[in-house]
Amino acid sequence: MRLIKCHIENFGKLSQFDYEFNETKNVILKDNGWGKSTFAAFIKVMFYGFENPKKTNAYENERKRFSPWNGGVYGGTISFEVGEKSYILTRTFGQKEREDEFTLLDASTMLESLDYTTNIGEEIFNINRESFKSTIFVGQDACETRSTGDIENLLGNVTLESLDINNYDNAINTLNDYINKYSPTRKTGELNKIKRQLDDLEFENLTINSNKQRVEKLINRSKVLEDYLNLERKKKDKYQNRIFIELDKKKDEEENTEKEEKKSEKDEISLDKYDPNAKTDVVGLFILLFGFFLTVLGVFLQNNGKYSTFAYPITGIGLLVMVYYVSKTFFKVKEKEANKKHEDEKKKKEEALKKEQKEKEEALKNAPYDPFKEPEDAEFANAPNKYREYVRNLKLSESRIDDYTGELNRINREIDELNKEIAKQEENDYKRAKLQEYYNELTIKYDYTKKAKDFLTRAKENFGKKYNEPVKKTFDKYLSMMLDSTDDFVLNVNNELAIKNASGIKDVKMLSKAFRDVIGLSLRLAFIECSFKKEKPFIILDDCFVNVDDNTLAPCMNMLNTISKEYQIIYFTCSISRT
């Protein structure tokens with residue numbers, strides 16, 4: 001295949017530019033900034049379209065990067081030859097891919113050709129854009145290369161349609177992603193996570209048997225306590241009944257005492273009604289009157305000479321009688337006042353006692369009923385021995401009931417907590433069984449995936465061995481054309497280069513940039529020679545020797561002249577010394 005000519009309508013800074021290609025070496029010698037890389041990119045875009053259409057960065061998005069500086073129609077035309085047929089390819093580009101236009105004409109008939117579609121680059125070269133950039137298209141300062149699936153298809157003489165080797169990287173990456181995702185050794189691996197979950201569930205369930213045994217013991221203990229509690233409740237009822245009987249007896253005694261007191265009060269009232277002192281008051285009145293009469297009579301007789309001798313005795317007797325009555329009456333009044341005072345005090349005490357009794361009765365109505373005296377109460381000490389014994393036994397039973405009830409409540413709470421824990425652990429058992437089943441399935445898949453990766457890698461290696469030796473020989477040929485190297489290079493089945501010396505095998509990245517450029521170009525040329533055996537492609541080189549020194553440059557240019565006899569070379573440079 002070779003390029004014939006091209007016309008750039010508008011592409012980047014290039015506008016209305018025409019170029020005719022010769023069949024051998026085409027040197028485009030232009031100053032920096034002229035648009036050499038733009039010209040090289042135009043050829044690539046005409047066959048493969050733009051890169052990174054979704055990038056927002058104008059430099060990374062080629063459609064934006066190479067949009068016409070001066071406006072106008074975006075695109076151009078390129079004529080090329082494949083086999084014995086010539087074609088004219090025209091493309092115009094819009095702001096988006098759907099606005100692009102593609103036209104392919106048969107140069108001999110000038111009629112539209114259906115030999116190729118908009119994927120013309122892949123259809124002609126049997127490689128995708130990345131592989132094109134790793135072989136045929138050497139961008140500016142990008143000599144280094146790497147093998148791709150498409151390149152290995154061509155090296156192994158495998159058609160693009162088979163896609164086995166072409167999809168190797170994707171397949172390996174998919175398998176590696178699966179292996180990493182489900183790895184049992186990686187911290188983030190699914191199998192590792194599940195194993196930790198299984199261990200956690202197993203650890204949480206270590207106590208399930210001891211918990212069940214503990215619950216069984218607690219249930220037996222609670223049954224014994226229930227029996228003790230029922231027994232104490234019966235004892236309490238018995239002592240309460242006996243205490244009530246004693247209280248009833250005491251109540252009867254108090255009622256009898258109260259009746260006797262009321263009877264005594266009635267007798268006292270009767271005595272007050274028939275107090276003999278009441279009668280003596282009438283007699284005393286007569287005595288007082290009689291004494292007064294005798295006194296008056298004595299005074300009267302003193303003026304009567306006939307009876308004057310009797311006047312003084314009669315007057316004396318009357319005065320004596322009156323003095324006796326007055327003194328007796330005075331002492332009787334004092335006695336009555338004392339008795340009245342005593343009665344008043346007695347009534348006050350009775351009223352206070354009744355008020356206190358009434359208050360106690362009201363308090364008992366409003367407060368919980370508790371007829372039993374505490375041992376500290378004074379009345380308790382005066383209570384009968386049986387009553388005191390019953391109360392002590394009742395208090396003892398109540399204390400035991402409280403203890404048994406508290407212990408039962410504690411046991412029931414512990415049983416509830418243990419049952420919840422057991423329920424959770426039984427649920428963990430179910431989860432663990434399901435998780436273990438899932439873990440086993442994933443382990444089988446994981447093992448099969450590792451085996452598939454091993455088989456695929458070995459198949460790839462076996463496939464690579466078929467073309468590895470020819471590629472290495474061709475690489476050595478081109479490298480020896482540019483360098484007098486005594487280093488021993490190793491090319492593995494993945495087409496990765498390493499350098500071998502006395503200290504061992506080292507990565508070529510440790511070499512200088514100029515050396516890496518020459519090595520990369522040699523490997524590219526080896527890929528091209530071993531891949532394109534029937535239809536040799538053109539080769540685009542965008543100032544690939546900018547890093548090499550003067551001593552190396554001459555053999556490199558001689559190598560270009562040599563290969564231009566077999567390949568059409570489009571060589572861009574800004575220096576006449578590199579031509």
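Colleague: Let me start with one side chain: is Y571 buried or exposed?

Modeller: Buried: this is a predicted model, and in it Y571 has a relative accessible area of 0%. Anything under 20% counts as buried, so Y571 falls in that class.

Colleague: Which ring does Y571 pair with, and how do I read the geometry?

Modeller: Look at the angle between the planes: under 30 degrees is stacked, over 60 is edge-to-face, and the rest are tilted. Y571 pairs with F545, with centres 6.4 Å apart and planes at 45 degrees, so the pair is tilted. F545 is in the loop between β12 and α14 (550-563), while Y571 belongs to strand β13, so their pairing ties together parts 26 residues apart in sequence. F545 is buried as well, at 1% relative accessible area.

Colleague: Where does β13 sit in its sheet?

Modeller: For a sheet, read the strand order and then the edges. Here four strands make an open sheet, ordered β3-β13-β12-β8, with parallel pairing. At the edges are β3 (25-29) and β8 (137-138), each of which pairs on one side only. Strand β13 (residues 569-573) runs parallel to β3, and five bridges join the two. To find your place, use L29, which is opposite T573 of β13.

Colleague: Which helix packs on that sheet?

Modeller: Helix α1 (residues 36-48) does, touching β3, β8, β12 (539-542) and β13. Its direction makes about 150 degrees with that of β13.

Colleague: How many aromatic pairs does the whole structure hold?

Modeller: A search finds 29. One of them brings us back to helix α1: Y48 and F132 have ring centres 4.7 Å apart and planes at 40 degrees, so this pair is tilted. Y48 is in α1 and F132 in helix α4 (residues 129-134), so you are looking at a link between distant parts of the chain, 84 residues apart. Both partners are buried, with relative accessibility of 10% for Y48 and 0% for F132.

Colleague: Which cluster do Y48 and F132 belong to?

Modeller: Follow ring pairs from residue to residue. Doing that links F47, Y48, F80, Y87, Y116, F125, F132, F137 and F538 into one cluster.

Colleague: Which charged end sits over the ring of F137?

Modeller: That of K44, 5.5 Å from the ring centre. For another example, turn to K477, whose charged end sits over the ring of Y478, 4.7 Å from its centre.

Note on methods: Residues are numbered from 1 along each chain as its sequence is written. This is a predicted model: local features need pLDDT of at least 70, side-chain atom pairs count only at pLDDT 80 or more; totals for chains, interfaces and linings use all residues. Side-chain values use heavy atoms; hydrogens and water are left out. Two strands pair if DSSP finds at least two bridges between them. Contact means heavy atoms within 4.5 Å. Axes are lines fitted to C-alpha atoms, for helices over the stretch in contact, and angles run from 0 to 180 degrees between N-to-C directions. Rings of Phe, Tyr and Trp (its six-membered ring) pair if their centres lie within 6.5 Å; planes under 30 degrees apart count as stacked, over 60 as edge-to-face and the rest as tilted. Buried means under 20% relative accessible area, exposed over 50%, partly exposed in between (1.4 Å probe, protein chains only). A charge sits over a ring if NZ of Lys or CZ of Arg is within 6 Å of the ring centre and within 35 degrees of the ring normal.
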